[in-house]
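Work through these exercises with the model in view. Try each task before you read its solution.

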Amino acid sequence: MPTPPRWDLSNVYPSLESAEFETASVSMKKQSDELEAFFKDKVSETNASTPVKTLAALAGEAIDRFNVLQELAGTLRAYIQSF
């Protein structure tokens with residue numbers, strides 16, 4: 001039986017035990033915690049009388065934070081699943 005091919009993923013992270021992978025994992029946790037705090041501390045304080053400009057700024061920031069977190073999480077997930 002032939003040996004299945006192995007993907008070279010060193011262009012993403014050197015290994016699952018690498019400092020780069022650990023840094024990315026820690027960053028994802030930190031970003032997730034910060035996003036939770038953002039919603040608790042800022043977004044949850046809004047209501048129907050919050051100015052539209054304030055709501056728009058908060059929505060924009062939330063979307064930007066989600067996008068950054070989702071990109072990192074997607075990279076980590078794909079990297080782990082490739083094994």
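**Exercise 1: a serine before the first helix**

Task: Decide whether S18 is buried or exposed.

Solution. S18 has a relative accessible area of 10%, so S18 is buried (buried means under 20% relative accessible area, exposed over 50%, partly exposed in between, with a 1.4 Å probe and protein chains only). Now place the residue: S18 sits in the segment before α1 (helices are DSSP runs of H or I with at least four residues, numbered from the N terminus). Last, look at its side chain. A polar atom of the S18 side chain lies 2.8 Å from the backbone oxygen of S15.

Before going on, note the ground rules. This is a predicted model, where local features need pLDDT of at least 70 and side-chain atom pairs count only at pLDDT 80 or more, while totals for chains, interfaces and linings use all residues. Residues are numbered from 1 along each chain as its sequence is written, and side-chain values use heavy atoms, with hydrogens and water left out.

**Exercise 2: two residues of the loop**

Task: Which of the words buried and exposed fits T50, and which fits A48?

Solution. Start with T50, in the loop between α1 and α2. Its relative accessibility is 14%, so T50 counts as buried. A polar atom of the T50 side chain lies 2.8 Å from the backbone nitrogen of N47.

Turn to A48, also placed in the loop between α1 and α2. Its relative accessibility is 86%, so A48 counts as exposed. The C-alpha atoms of A48 and K29 are 32 Å apart, with their positions 19 residues apart along the chain.

**Exercise 3: the helix pair**

Task: At roughly what angle do the axes of α1 and α2 cross?

Solution. Helix α1 covers residues 19-41 and helix α2 covers residues 52-81. Their axes come within 10 Å and cross at roughly 150° (axes are lines fitted to C-alpha atoms, for helices over the stretch in contact, and angles run from 0 to 180 degrees between N-to-C directions). That makes α1 roughly antiparallel to α2 (angles over 145 degrees count as roughly antiparallel, under 35 as roughly parallel, 65 to 115 as roughly perpendicular and the rest as oblique).

**Exercise 4: one residue of α1**

Task: Which residues does Q31 touch, not counting residues up to four places away in sequence?

Solution. Q31 belongs to helix α1. It touches V68, L69 and L72 (contact means heavy atoms within 4.5 Å). The C-alpha atoms of Q31 and V68 are separated by 8.6 Å, though the residues are 37 apart along the chain.

Key
Helices (H or I, at least four residues) and strands (E, at least two) are DSSP runs, numbered from the N terminus. A polar contact is a pair of N or O atoms within 3.5 Å; within protein, one must be able to donate a hydrogen and the other to accept it, and residues adjacent in sequence count only if both atoms are side-chain atoms.
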